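The exercises below are meant to be worked with the sequence and the structure side by side. Try each task before reading the solution that follows.

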Amino acid sequence: MIVVAGEALIDLVPRGTGALAELQPALGGGPYNTAVALGRLGSPAAFCSRVSYDAFGEALLDRLRETGVDVSSVQRGAEPTTLAVATVGADGSAAYSFYVDGTADRLFTAPSALPPGTRAVSFGTCSLVLEPGASAYEELMRAAAAQGVFTALDPNIRSGLIPDADAYRARFKSWLPSVSLLKLSEEDARWLGGTPQEWLAAGPAAVVITRGGDGLTAFTADGEYAVPGERVEVVDTIGAGDTVNAALLHGLAARDALSTQGLAALGHDGWAGLLGFAARAAAITCSRAGAEPPYAHELEG
């Protein structure tokens, strides 16, 4: 079981140009997209979050169930669902503004135990920023690491939600001893202001940096491994990084490498295959509107 912990929200995606373009609601949130992608790839997955009882919340849970994701660890609340308004640039890149005050996912509390059979837990995005939930997710991360569970972190920076950048950067560094695999974009890396070597020294066994259409690079104590991006006509990039998270975790599980020792044993061929798989999966997501990660059959061969 791979557990994904974090927010589920509604993306309002423009269907056209201009400030008053029609907005289409879409199911989203970085951790939520990662859970859906894991389910579509065929990995046993569970979602750990707090979701509203409103119509959006029900729709969010329905998709998880349809994808085969276990929702027994999802907490519920009467508060509304978080909304994220997306703006899509000419190159397909997405930026977001958020409506988060008083929403359900902010009130997440750390569970007393992880689901039976948990091999890995994935964290990231808004859930590690917005209090009081952020402290609860942090507590869960540290507890999982202390139990020897593989942990993955994608900070997926949304700078508009971070009131004190320096405080967040310091908090990010404090998480690293509890992280097995750190994945982040080039943009995130620049915003955080560190280097892969510094982050590796603080705890993670591997750091993976995504470079958009230019591919992915993994940094480990043994060296660097890189693959080019898959060429595709980009509709938008919504959910691409979340798909990479899922593909990496799925691929590591398939290689029985969800451990520090497993990461160290991958070597050149292992990393090339894993990163190439993640690049192909992300390219499929970019080729269609919204966060629509691929199914396993779309990646066969």
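**Exercise 1.** Leaving aside its neighbours within four places in sequence, which residues is Leu274 in contact with?

*Solution.* The model is a predicted one, and the values here are computed from it. Begin by placing the residue: Leu274 belongs to helix α9. Next, take its accessibility: the relative accessible area of Leu274 is 0%, so with the cut-off for buried set at under 20%, Leu274 is buried. Then list its partners, which are Ala247, Leu248, Gly251, Leu252, Arg255 and Leu266 once neighbours within four places in sequence are set aside. Finally, look at one of these partners along the chain and in space: Gly251 is 23 residues from Leu274 in sequence, while their C-alpha atoms are 5.9 Å apart.

**Exercise 2.** Which residues touch the most other members of the largest nonpolar core?

*Solution.* The largest nonpolar core holds 52 residues, and those touching the most other members are Phe47, Leu64, Leu252, Trp271 and Leu275. Ask next which element supplies the largest share of this core: helix α9, which runs over residues 267-286, contributes nine residues. To see the surroundings of one such member, take Trp271, which touches Ala206, Val208, Ala218, Thr220, Tyr225, Leu263, Leu266 and Gly276 when residues up to four places away in sequence are not counted. Apart from this core lies another, made of 40 residues, including Leu128, Leu153, Val179 and Leu200.

**Exercise 3.** Describe the overall build of the protein chain, from its secondary structure to its surface.

*Solution.* Count the elements to begin with: the protein chain has nine helices and 14 strands. Its radius of gyration is 18 Å, close to the 19 Å that the globule rule gives for 301 residues, and the chain is therefore as compact as a globular protein of that length. Along the principal axes, the C-alpha trace spans about 50 × 45 × 40 Å. Of the 301 residues, 56% are buried, and among contacts between residues at least 6 apart in sequence, 69% join residues at least 24 apart. Turning to the surface, the accessible area of the protein chain is about 12300 Å², with 52% of it belonging to carbon and sulfur atoms. For the charges, there are 20 positive and 34 negative side chains, and the centres of these two sets lie 1 Å apart.

**Exercise 4.** Is Asn33 buried or exposed, and which residues does Asn33 touch beyond four places in sequence?

*Solution.* Locate Asn33 in helix α1, which covers residues 30-41. Its relative accessible area is 7%, so Asn33 is buried. Not counting residues up to four places away in sequence, Asn33 touches Leu27, Gly28, Gly239, Asp242, Ala291 and Pro293. The pair with Asp242 shows what the sequence alone would not: Asn33 and Asp242 are 209 residues apart in sequence, and their C-alpha atoms are 5.9 Å apart in space.

**Exercise 5.** Where is Pro132 found, and which residues is Pro132 in contact with beyond four places in sequence?

*Solution.* Pro132 is found in the loop between β9 (120-124) and α3 (133-146). Inspect the backbone before it: the peptide bond from Glu131 to Pro132 is cis, and its omega is near 5°. With a relative accessibility of 47%, Pro132 counts as partly exposed. Leaving aside neighbours within four places in sequence, Pro132 is in contact with Arg106 and Leu107. The C-alpha atoms of Pro132 and Thr109 are separated by 8.4 Å, with their positions 23 residues apart along the chain.

**Exercise 6.** Does the loop residue Asn156 count as buried or exposed, and which does Asp256 count as, buried or exposed?

*Solution.* Asn156 sits in the loop between β10 (150-154) and α4 (165-175), and its phi is near 45°, a positive value in a residue other than glycine. At 11% relative accessibility, Asn156 counts as buried. Asp256 sits in the loop between α7 (240-254) and α8 (260-264), with a phi near 55°, again positive in a residue other than glycine. At 60% relative accessibility, Asp256 counts as exposed.

Key
Residues numbered from 1 in each chain as written. Predicted model: local features only at pLDDT ≥ 70, side-chain atom pairs only at ≥ 80, totals over all residues. Heavy atoms only, no water. Helix = DSSP H or I, 4+ residues; strand = E, 2+ residues; numbered from the N terminus. Rg over C-alpha atoms; globule rule 2.2 N^0.38 Å. Buried < 20%, exposed > 50% of the residue type's maximum accessible area, 1.4 Å probe, protein only. Contact = heavy atoms within 4.5 Å. Areas by Shrake-Rupley, 256 points an atom, 1.4 Å probe, with all protein chains shown as cover. Lys, Arg positive; Asp, Glu negative; His and termini not counted. Charge placed at Lys NZ, Arg CZ, Asp CG, Glu CD. Core = buried A, V, L, I, M, F, W, Y, C linked by side-chain atoms within 4.5 Å.
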